[in-house]
Amino acid sequence: MNEPAAEIQIRRMAAADLARVMEIAASLPDAPHWPQSDYERALNPEWTPRRIALAAAEQESCVQGFTVARLVPPQAELETITVAAGCQRRGMGRRLFHALAGELRSAGVRELLLEVRASNRAAQEFYRALGFVETGRRTGYYADPVEDAVLMGRKIR
Ligand SMILES: CC(C)(COP(=O)(O)OP(=O)(O)OC[C@H]1O[C@@H](n2cnc3c(N)ncnc32)[C@H](O)[C@@H]1OP(=O)(O)O)[C@@H](O)C(=O)NCCC(=O)NCCS
């Protein structure tokens with residue numbers, strides 16, 4: 001394990017964060033590679049279904065991690081959780097998740113679902129460490145390359 005991050009600040013993602021968010025996503029093969037318009041929709045409170053998007057930074061540094069969930073209470077889907085390579089294994093992903101879970105709980109969400117590439121073992125381990133359990137598989141769900149999805153879920157209490 002790396003040194004824990006000194007102090008992590010988590011806040012709502014803002015339009016000004018999008019260039020950095022896209023830069024982090026582009027640098028990580030396992031992160032979803034959304035066009036900027038998808039992130040812009042995620043920030044739009046009028047858009048349905050509603051999203052919660054959070055950004056994380058260590059002290060005064062620029063954004064190093066982010067997460068987006070789509071809300072369909074009492075369920076939500078964890079669409080992405082991503083931490084820049086140089087900041088991984090320092091507790092930022094866990095902190096982002098717990099901040100998101102708090103917001104989801106307040107919004108009436110009781111169950112959080114996700115799908116992850118079968119080859120993304122690191123993310124599956126991360127999700128298991130956060131209390132997710134595997135609930136099924138979807139054959140050939142992903143394209144480019146074609147791959148199965150592992151479905152996982154966790155109660156939000
Ligand atoms: C998955 C990801 C968000 C984890 O973020 P992180 O900040 O590194 O995670 P944390 O430091 O909070 O780790 C919490 C726990 O998860 C588990 N974990 C995290 N990364 C792991 C890895 N690479 N291998 C095994 N377990 C891991 C560990 O139990 C860890 O606790 P520990 O460090 O005390 O052992 C990060 O690896 C990432 O951005 N990956 C690329 C993008 C991606 O695949 N996102 C998920 C699909 S959208």
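**Close-up views of a predicted model**

**View 1. Arg89 sits in the loop between S4 and H3.** Helices (H or I, at least four residues) and strands (E, at least two) are DSSP runs, numbered from the N terminus. Residues are numbered from 1 along each chain as its sequence is written, and side-chain values use heavy atoms, with hydrogens and water left out. The model is predicted: local features need pLDDT of at least 70, side-chain atom pairs count only at pLDDT 80 or more, and totals for chains, interfaces and linings use all residues. Arg89 is not a glycine, yet its phi is positive, near 60°. Arg89 counts as exposed, because its relative accessibility is 64%. Here buried means under 20% relative accessible area, exposed over 50%, and partly exposed in between (1.4 Å probe, protein chains only).

**View 2. Seven strands make one open sheet.** The 7 strands follow the order S1-S2-S3-S4-S5-S7-S6. Their pairing is mixed. Two strands pair if DSSP finds at least two bridges between them. Strand S1 (8-12) and strand S6 (133-142) stand at the edges. Each has a single partner strand, so one side of each is left without a neighbour in the sheet. Neighbouring strands are turned by 25° against each other on average, direction ignored. Axes are lines fitted to C-alpha atoms, for helices over the stretch in contact, and angles run from 0 to 180 degrees between N-to-C directions. Strands of a sheet pair through backbone hydrogen bonds, either parallel or antiparallel.

**View 3. Strand S2 is mostly covered.** S2 spans residues 51-58, and 8 of its 8 residues are buried. Arg51, Ala53, Ala55 and Ala57 point one way from S2. Ile52, Leu54, Ala56 and Glu58 point the other way. On one flank, S2 pairs with S1 in the antiparallel sense over 5 bridges. There Arg11 has Ala55 of S2 as its bridge partner, and Ile8 stands opposite Glu58 in S2.

**View 4. A hairpin links S2 and S3.** These strands pair in the antiparallel sense over 6 bridges. Follow one pair: Ile52 is bridged to Ala69 in S3. The hairpin has 6 residues between the strands. In this hairpin, Gln59 takes a positive phi near 40°.

**View 5. A cis peptide bond joins Thr48 to Pro49.** Omega of this bond is near -10°. Pro49 lies in the loop between helix H2 (36-43) and S2.

**View 6. Two helices lie across the sheet strands.** Helix H3 covers residues 92-106. H3 lies across S1, S2, strand S3 (65-72), strand S4 (75-83), strand S5 (111-117) and strand S7 (147-155). H3 runs at about 145° to S2. Helix H4, residues 121-129, lies across S4, S5, S6 and S7. H4 runs at about 160° to S5. Contact means heavy atoms within 4.5 Å.

**View 7. Arg110 belongs to the loop between H3 and S5.** Is Arg110 buried or partly exposed? Arg110 is partly exposed, because its relative accessible area is 42%. Which residues does Arg110 touch, not counting residues up to four places away in sequence? Arg110 touches Pro74, Arg105, Arg154, Lys155 and Ile156. Gln75 is 35 residues apart from Arg110 in sequence. In space, the two are 6.0 Å apart, C-alpha to C-alpha.

**View 8. S6 and S7 run antiparallel.** The two strands are joined by 6 bridges. One bridge sets Gly136 against Leu151 in S7. Their hairpin has 4 residues between the strands.

**View 9. Asp144 and Pro145 share a cis peptide bond.** Omega of this bond is about 0°. Asp144 lies in the loop between S6 and S7, and Pro145 lies in the loop between S6 and S7 too. Asp144 is not a glycine, yet its phi is positive, about 55°. Is Asp144 buried or exposed? Asp144 counts as exposed, because its relative accessibility is 76%.
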